[in-house]
Amino acid sequence: MALFSYRALTTDGEAVTGEIEAADARSAVARLQEGGLIPIAAEPMAARAAGSGGLFSRSLKKPVTEFTREFATLLGAGQTVEGALAMLVDATDHRRLQRTLAEVLDAVRGGKALSEAMAADPAAFPRVYTSMIRAGEASGRLEQVAAELAVLRERADALQRRLTSAMIYPAVLLLASLGSLAILLTVVVPKFAPLFANAGEALPGSTRIVLAAADLLTEQGPVILLGLLALLLILRQLLARPAVRGALDRWLLNAPLLGKLARERVTAQAMRGLATLMAGGLDLPQALGMVRDMIANQAARAAFDEVVAGVRQGRTLAACLAEADVLAPLALKMLRVGEESGRLAAVAAHLADSFEERVATRLTRLVAVIEPAMVIFLGVLVGGIVTSILTAVVSVNDLAF
């Protein structure tokens, strides 16, 4: 017996999670149904723990994407699964992935299906990946499915790189600004302090504030720095909690300025996953179950549990997504048209292209506004400090006369 982590809905539509013992995933689903629940997903606890190993997962992301593209190419050139794996084991330079592929190759040679062999290492091949490979094996379209999977990962990586690149310059600018202020307050301002030592209350209020800030930063700088680091660690721990992260993501979806960007990102992720999975041979309920795991926003992921349950009960996708209220309104309208015309996968692919570009464009515009705003803010702050010091110098000279 193995321990499985499950997500399910009650007959009242309430989402529930928990753990259950069963011989396999199918038995776990059967036990949940016997208990009056509507199963959404059941995963082995060991696979869940391995799949959540952030450092390993991130370090394997790019090598696995490259492997998937090369694997699809070799299958298209006429290689067998075993032959393609053997070639890629020798070709890869990533030692962790090389060991994993060698184990997969041994399992395939031992008679296991490729999807089953890959599922043994969920850190390298997550549930979405192995589900698509399983669908490709069942439909006899493994080559096409591997190619679709490579495209899915490449597009997701490209969008993530664009988002990361857009935020690098503002982050560097912020660090440079904080460094400049620290140098100004700990090195420059203290040099003027002896000049104002006997001025007392005669100094302008702004100068007294600057001098007090400089004294505090000079004397308690290490303590303040450690406090900020501790605060960041506490915030990181809080964000790791599902309840806190879910509440933050829920607020983000409805935030005045960032809400539209957040919804468009969720839409891009969901539509790219839906288009690729349906093209890979999965039916709509199966694809939606996988799409749920591709969405970064925790609140949207939770909403997709009810979407999956609604579609399994025979409701239309557009109606379920409208109730979930996590996608962009335009996407809901186009999905409704896609369902009615029987072209859901094609419409989802079009929406994915469109919203990926929208997210990148909107983020670029947002950064274009943030950069000059930060420069102006820093200029005003530095100018205010310099003006306060010069004003005090003039005041001291007047007192001397």
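## Close-up views of a predicted model

**View 1. Helices H7 and H8 are roughly antiparallel to each other.** "Roughly antiparallel" is used for angles over 145 degrees, "roughly parallel" for those under 35, "roughly perpendicular" for 65 to 115 and "oblique" for the rest. This is a predicted model, in which local features need pLDDT of at least 70 and side-chain atom pairs count only at pLDDT 80 or more, while totals for chains, interfaces and linings use all residues. Residues are numbered from 1 along each chain as its sequence is written, and side-chain values use heavy atoms, with hydrogens and water left out. H7 spans residues 127-139 and H8 residues 142-192; the two pack at about 155°, their axes 8 Å apart. (Axes are lines fitted to C-alpha atoms, for helices over the stretch in contact, and angles run from 0 to 180 degrees between N-to-C directions.) The crossing of H7 past H8 is right-handed, meaning that the near helix is turned clockwise from the far one by less than a right angle. On the H7 side, look for Tyr-129, Met-132, Ile-133, Gly-136 and Glu-137, which meet Leu-142, Val-145, Glu-148, Leu-149, Leu-152 and Arg-153 of H8.

**View 2. Helices H10 and H13 are roughly perpendicular to each other.** Here residues 242-253 (H10) and 298-312 (H13) pack at an angle of about 95°, with 7 Å between their axes. H10 brings Arg-245, Gly-246, Asp-249, Arg-250 and Leu-253 to the contact, and H13 brings Gln-298, Ala-299 and Ala-300. Zooming out for a moment, the protein chain has 16 helices and three strands (DSSP runs: H or I of at least four residues for helices, E of at least two for strands, numbered from the N terminus).

**View 3. Phe-67 and Phe-125 have the most contacts inside the largest nonpolar core.** This core holds 70 residues, and helix H11 (residues 259-279) gives the most to it, with eight residues. A nonpolar core is a set of buried Ala, Val, Leu, Ile, Met, Phe, Trp, Tyr and Cys residues joined through side-chain atoms within 4.5 Å; buried means under 20% relative accessible area, exposed over 50% and partly exposed in between (1.4 Å probe, protein chains only). Neighbours within four places in sequence aside, Phe-125 is in contact (heavy atoms within 4.5 Å) with Val-64, Phe-67, Leu-97, Thr-100, Leu-101, Val-104, Met-118 and Thr-130. Another core, of 13 residues, lies apart from this one and includes Leu-185, Leu-203, Leu-211 and Leu-378.

**View 4. Helix H11 holds two buried residues worth a visit, Glu-264 and Leu-274.** Glu-264 counts as buried because its relative accessibility is 2%. Residues up to four places away in sequence not counted, Glu-264 touches Phe-355, Arg-358, Val-359 and Arg-362. Leu-274 has a relative accessibility of 1%, so it too is buried. Outside its neighbours within four places in sequence, Leu-274 contacts Leu-284, Ala-287, Leu-288, Val-291, Leu-317 and Ala-348. Leu-274 and Ala-348 are 74 residues apart in sequence, yet 6.6 Å apart in space, C-alpha to C-alpha.

**View 5. Helix H14 (residues 317-324) has Leu-317, Ala-318, Cys-320 and Leu-321 buried.** These four cover an arc of only 160° around the axis, which puts them on the same side of H14; the arc is that of the directions from the helix axis to the C-beta atoms. Just after H14 comes Asp-325, with a positive phi near 55°.
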